[in-house]
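Please open the structure in your viewer and keep the sequence panel beside it. The stops below are meant to be followed in order, with a selection to make at each one.

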Amino acid sequence: MSAVFDTPDEAKKAEKAAYEINKLSKRLHRLAGQAITDFNMIEEGDKVMVCMSGGKDSYAMLDILLNLQQRAPIRFELVAVNLDQKQPGFPEHVLPEYLTSRGVPFHIENQDTYSIVKRVIPEGKTTCGLCSRLRRGILYRVAGELGCTKIALGHHRDDILQTLFMNMFFGSKLKGMPAKLVSDDGRNVVIRPLAYVPEADLERWAEHRQFPIIPCTLCGSQDNLQRVQISQMLRDWDKRFPGRVDNLFSALGNIVPSHLMDRNLFPFASLKATGVPDPQGDRAFDEDDDCAPPSVITIQR
Ligand code: SF4
């Protein structure tokens with residue numbers, strides 16, 4: 001049945017909104033599909049454990065994977081897993097109801113990590129370190145018990161960039177968040193199918209799909225202020241300098257070790273002139289190098 005609108009203006013608005021949502025849907029599936037292909041995240045016969053926190057990212061990840069599963073040329077299984085950490089007020093019916101309505105096989109793992117964290121960490125100290133260590137161990141174990149070959153996490157492009165800046169600012173490391181990794185227990189492959197997807201797209205998708213989102217503040221942990229500031233910095237850049245954040249993200253897949261300073265990645269110590277010109281070789285001055293410090297560059301008006 002087609003919708004009835006009071007005015008041509010309303011009809012036009014609705015048509016535009018439908019067009020935008022269709023574009024968003026295509027973009028989300030294209031970006032997730034691209035990341036899955038680029039990193040060979042999912043292979044024939046895989047059983048993927050989709051970690052569901054109840055936040056917008058995990059709902060969107062499941063939604064997109066379910067869709068891709070229908071269209072993919074390979075066969076793979078999905079099983080949604082939620083770890084109920086027994087945080088006060090956690091609405092434990094929400095995820096089972098949603099997952100049942102979508103016809104997705106699921107498992108709810110009940111483990112009271114909340115009490116452990118509260119008991120061990122003194123009041124006022126940050127709880128996330130211990131909490132995520134406990135969660136990680138439990139999810140690895142559950143993946144083994146369910147016979148899952150991959151563990152999918154819902155981190156997106158902005159999470160990866162925030163982590164990159166956190167590591168640079170506070171850890172003196174040029175290190176983001178891997179799209180695919182072998183877990184520290186050596187037994188699991190962890191994938192991030194949303195690695196290419198901007199958070200703003202996931203926010204719009206969650207709103208459109210009306211996911212029953214569970215608030216992520218139930219544990220009472222304060223937001224990590226540094227991460228919040230970095231997130232704001234990136235959003236601000238994105239507004240003021242369109243394309244900058246995209247370029248930053250592309251840079252993560254386009255690394256030139258000879259132009260960085262890590263002596264483990266490039267054999268600076270043993271470099272010798274070869275006497276043979278190499279048009280693809282490194283240059284002392286790149287085209288975009290300034291030839292003078294900013295103070296002496298003349299600005300033409
Ligand atoms: S925000 Fe809360 S639930 Fe999340 S890792 Fe930190 S303590 Fe755990």
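The tour goes from the whole chain to single strands, a ligand and a few individual residues.

**The whole protein**

Begin with everything shown as a cartoon, and keep in mind that this is a predicted model. The secondary structure to look for comes to 9 helices and 6 strands, and the C-alpha trace spans about 70 × 60 × 45 Å along its principal axes. If you colour by burial, 24% of the 301 residues will be marked as buried. Among contacts with a separation of 6 or more, 75% join residues that are 24 or more positions apart.

**Strand 1 and its two partners**

Next, select residues 47-51, which form strand 1; 4 of its 5 residues are buried, so the strand is largely enclosed by the rest of the structure. Now add residues 77-84, which are strand 2, and you will see the two strands running parallel, joined by 5 bridges. Adding helix 2, residues 56-71, completes a right-handed β-α-β unit made of strand 1, helix 2 and strand 2. Then add residues 150-152, which are strand 4; this strand pairs with strand 1 over 3 bridges, again in the parallel sense.

Which residues are the bridge partners of Val50 in strand 2 and in strand 4? In strand 2 the partner is Ala80, and in strand 4 the partner is Ala152.

**The annotated motif at residues 53-58**

With strand 1 still in view, select residues 53-58, where an unreviewed UniProt entry places the feature "short sequence motif: PP-loop motif". In the model this span is 50% helix and 0% strand, and its end C-alpha atoms lie 6 Å apart.

**The ligand and the cysteines beside it**

Move on to the ligand and show the side chains around it, which belong to Thr127, Cys128, Cys131, Ser132, Cys219 and Ser221. This shell divides into 3 nonpolar residues, 3 polar residues and no charged ones.

From this group, pick out Cys128, Cys131 and Cys219, where UniProt, in an unreviewed entry, places the feature "binding site". Although these residues span 92 residues in sequence, no two of their C-alpha atoms are more than 9.8 Å apart, so they gather at one spot.

Helix 5, residues 128-146, holds Cys128, and Cys131 has its place in helix 5 as well. Is Cys131 buried or exposed? Cys131 has 21 C-beta neighbours inside 10 Å and therefore counts as buried, the threshold being 20 or more. Cys128, with 14 other C-beta atoms within 10 Å, is partly exposed. Leaving out neighbours within four places in sequence, you can trace contacts from Cys131 to Thr113, Val117 and Cys219.

**Two buried residues, Ile36 and Arg192**

Now select Ile36, which has its place in helix 1, residues 8-38. With 24 other C-beta atoms within 10 Å, Ile36 is buried. Apart from residues up to four places away in sequence, Ile36 touches Met41, Ile42 and Pro193. A distance label drawn from Ile36 to Ala195 should read 9.0 Å between C-alpha atoms, although 159 residues separate the two in sequence.

Go from there to Arg192, which lies in the loop between strand 6, residues 189-191, and helix 7, residues 199-209. Arg192 counts as buried, having 27 C-beta neighbours inside 10 Å. When residues up to four places away in sequence are set aside, Arg192 touches Leu153, His155 and Ala179. For another distance label, use Arg192 and Ala273, which are 81 residues apart in sequence and 42 Å apart in space, C-alpha to C-alpha.

**Two loop residues with positive phi**

Finish with two loop residues whose backbone angles deserve a look. Lys86, in the loop between strand 2 and helix 3, residues 94-102, is not a glycine and yet has a positive phi of about 65 degrees. Lys86 counts as partly exposed, with 15 C-beta neighbours inside 10 Å.

The last selection is Gln210, placed in the loop between helix 7 and helix 8, residues 225-240. Gln210 is likewise not a glycine, and its phi is positive at about 55 degrees. With 8 other C-beta atoms within 10 Å, Gln210 is exposed.

Conventions
Residues numbered from 1 in each chain as written. Predicted model: local features only at pLDDT ≥ 70, side-chain atom pairs only at ≥ 80, totals over all residues. Near = placed C-beta within 6 Å. Nonpolar A, V, L, I, M, F, W, Y, C, P; charged D, E, K, R; others polar. Buried ≥ 20, exposed ≤ 12 C-beta atoms within 10 Å, placed from the backbone. Pairing = 2+ DSSP bridges. Right-handed = clockwise from strand over helix to strand, strands pointing away. UniProt positions renumbered as here; feature names shortened; annotations may be inferred. Contact = placed C-beta atoms within 7 Å.
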